[in-house]
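Work through the exercises below with the model open. Each task is followed by a stepwise solution.

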Amino acid sequence: MRQSLLSAVLFGALGFAVWACGDRDVPFSVEESLIPRPSIATYSPGTRTLQAQARVVADPAFAGPARYIAERLRPATGYAWPVESGRPDDARPEDIVLVRDPALAHLGEEGYQVEVDENGIMLRASSAAGAFYAAQTVRQLLPREIELDTLDPEITWEVPFVRIEDGPRYAWRGVMLDVARHFFSVEEVQRFIDIASRYKLNRFHLHLTDDQGWRIQIDSWPNLTEIGSRMDSSGGPGGYYTKDDYRRIVEFAAERFVMIIPEIDVPGHTNAALASYGELNPDGIPTVLSPTVPFASTSLWLDGPATLPFVEDVFREVAEITPGPYLHVGGDEAAATPPAQYREFMVELQDIIERQGKTMLGWEDIGAAELRPPLLAQHWVRPNRAQLAFERGAQIISSPARHAYLDMKYHPEFQLGTAWIGFVDVQQAYEWDPVPEGVAPEAVIGVESPLWTETLRTRAELDLLAFPRLVGHAEIGWTTRPRSWIEYRERLARHGPRFRAQGIGFYRSTLVDWTASDR
Ligand code: TNX
């Protein structure tokens, strides 16, 4: 018997068991493999099968999400999935219907409902983002083969009868990719964004500059890319994004309701800039571009006459190509900058950012300076710094290295990654709360998972470090339900084959019994 048939039978039986309990919130419901876990999911016996003549019928405001889901459904089903603008009355029972319903505003900007029953498959939301997340949920309710790019004529495309009502815990659900230590192509970045959006992440932070390389075109300071981009942490040739490349990333992300957060790290972590322009150094001589700059050893020359104009030009040009309201200024590990100068510079920098019409965001280290709201600070290692920023009125994004850093080794023998904070296995990556000590819960706007790339060069290496930890973080950022590792571990195991179908090369942590769901 085909696995899909078998699982359909099992699915039905288990679905019935859960339904029969009459419990809307069964914590260990075995049939469920959705990540992140929805607020409410009520299963009932029965399934709906996708039909060859089915269409996607959507409110005109949801044309984007409708096209997205149709594109996903076409390759594996082989059905045409025409997308049509219309209301529920225009739909036939076999259609997937996306309904705009302002009455669902109480679920939040990103909330949605999914209803699968004998009448059809109905997705409801008050905004397009909610419709997109509803579509991602339906995608995960389908057999995993829906992820394949080739036709699978043997599958019956069944969706269990279910009623889901869902919306996020946090507004900020992010992932960061360090493209400075090793450079990743536009296509690699887009693939990563696409996968992140499947797990309902909505922020993509690009760490664009660091000691080892400068990765974004700045027209008024061309050496930054002419010279500063031509190295990476392995001594390789590096690379950079032209402004058009960057715009392509922004646009691709926006179609998936992901906002790009660009980071230009100042005043530390700046050797690539210092090597590009002598006037940013006290002796007027460019430094040497090098893959092995010691941590926290570099700083812009803050007394230099060229430095503030340089910083303003860079942030102005980045602001011009960034539709989102935030500019990330880094501000971390500026040990080579005299503390008083650091504080003064950060205050000037906030003015520069505001002149671009943007809000300043920095690593928690910026808490040292007298900054004012609106301000965002990203917690990574010292809760007291995050607390300082919070006391100055900052909102906090939580990225504690001990749990959220995707570049930490899973265990001592793991071949890739770093371990300065210790080892972070899948359980430790899942078991934490985003509220740092000393910070009020309402000041925390979300979570973000940084993927630093000192040791990572390829897409396969990114996958291995990011997955499955990132989807656990996505769940922490999204779900409003109480979480338990014991429950999650099983759900994650059931999700394993779905990673494979998506072509995600995840780390098979021994804490998870992947074999239970293997074919
Ligand atoms: C600390 S996190 C850094 C990065 C490194 C990372 C490695 C932060 C703000 N600074 O420069 O890449 O550790 O884990």
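**Exercise 1.** Describe how helix α4 packs against helix α6.

Solution.
1. Helix α4 covers residues 186–198 and helix α6 covers residues 243–255; their axes lie 10 Å apart at an angle of about 15°. Axes are lines fitted to C-alpha atoms, for helices over the stretch in contact, and angles run from 0 to 180 degrees between N-to-C directions. Helices (H or I, at least four residues) and strands (E, at least two) are DSSP runs, numbered from the N terminus.
2. The angle therefore makes α4 roughly parallel to α6 (under 35 degrees).
3. The crossing of α4 over α6 is right-handed, that is, the near helix is turned clockwise from the far one by less than a right angle.
4. On the α4 side, V186, E187, V189, Q190, I193 and D194 make the contact (heavy atoms within 4.5 Å); on the α6 side, D245, R248, I249, F252 and A253 do.
5. By class, this contact of α4 with α6 holds six nonpolar, one polar and four charged residues. Ala, Val, Leu, Ile, Met, Phe, Trp, Tyr, Cys and Pro count as nonpolar, Asp, Glu, Lys and Arg as charged, and the others, Gly among them, as polar.

The model is predicted: local features need pLDDT of at least 70, side-chain atom pairs count only at pLDDT 80 or more, and totals for chains, interfaces and linings use all residues. Residues are numbered from 1 along each chain as its sequence is written, and side-chain values use heavy atoms, with hydrogens and water left out.

**Exercise 2.** Do the same for α2 and α3.

Solution.
1. The axes of α2 (residues 63–77) and α3 (residues 128–141) come within 9 Å and cross at roughly 15°.
2. α2 and α3 are therefore roughly parallel to each other, and α2 passes α3 in a right-handed crossing.
3. P65, Y68, I69 and R72 of α2 meet A128, A131, F132, A135, Q136 and R139 of α3.
4. Sorted by class, the contact of α2 with α3 has seven nonpolar, one polar and two charged residues.

**Exercise 3.** Which residues are closest to the ligand, and which ligand atom does the side chain of D332 approach?

Solution.
1. The ligand is surrounded by 14 residues (a heavy atom within 4 Å), the closest being R181, Y405, D407, W420 and E454.
2. A polar side-chain atom of D332 lies 3.0 Å from a nitrogen atom of the ligand.
3. For R181, a polar side-chain atom is 2.8 Å from a ligand oxygen atom.

**Exercise 4.** Locate the cis peptide bond that ends at P36.

Solution.
1. The bond runs from I35 to P36, with omega near -5°.
2. P36 sits in the loop between α1 (3–21) and β1 (40–49).

Note on methods. Angles under 35 degrees count as roughly parallel, over 145 as roughly antiparallel, 65 to 115 as roughly perpendicular and the rest as oblique. A polar contact is a pair of N or O atoms within 3.5 Å; within protein, one must be able to donate a hydrogen and the other to accept it, and residues adjacent in sequence count only if both atoms are side-chain atoms.
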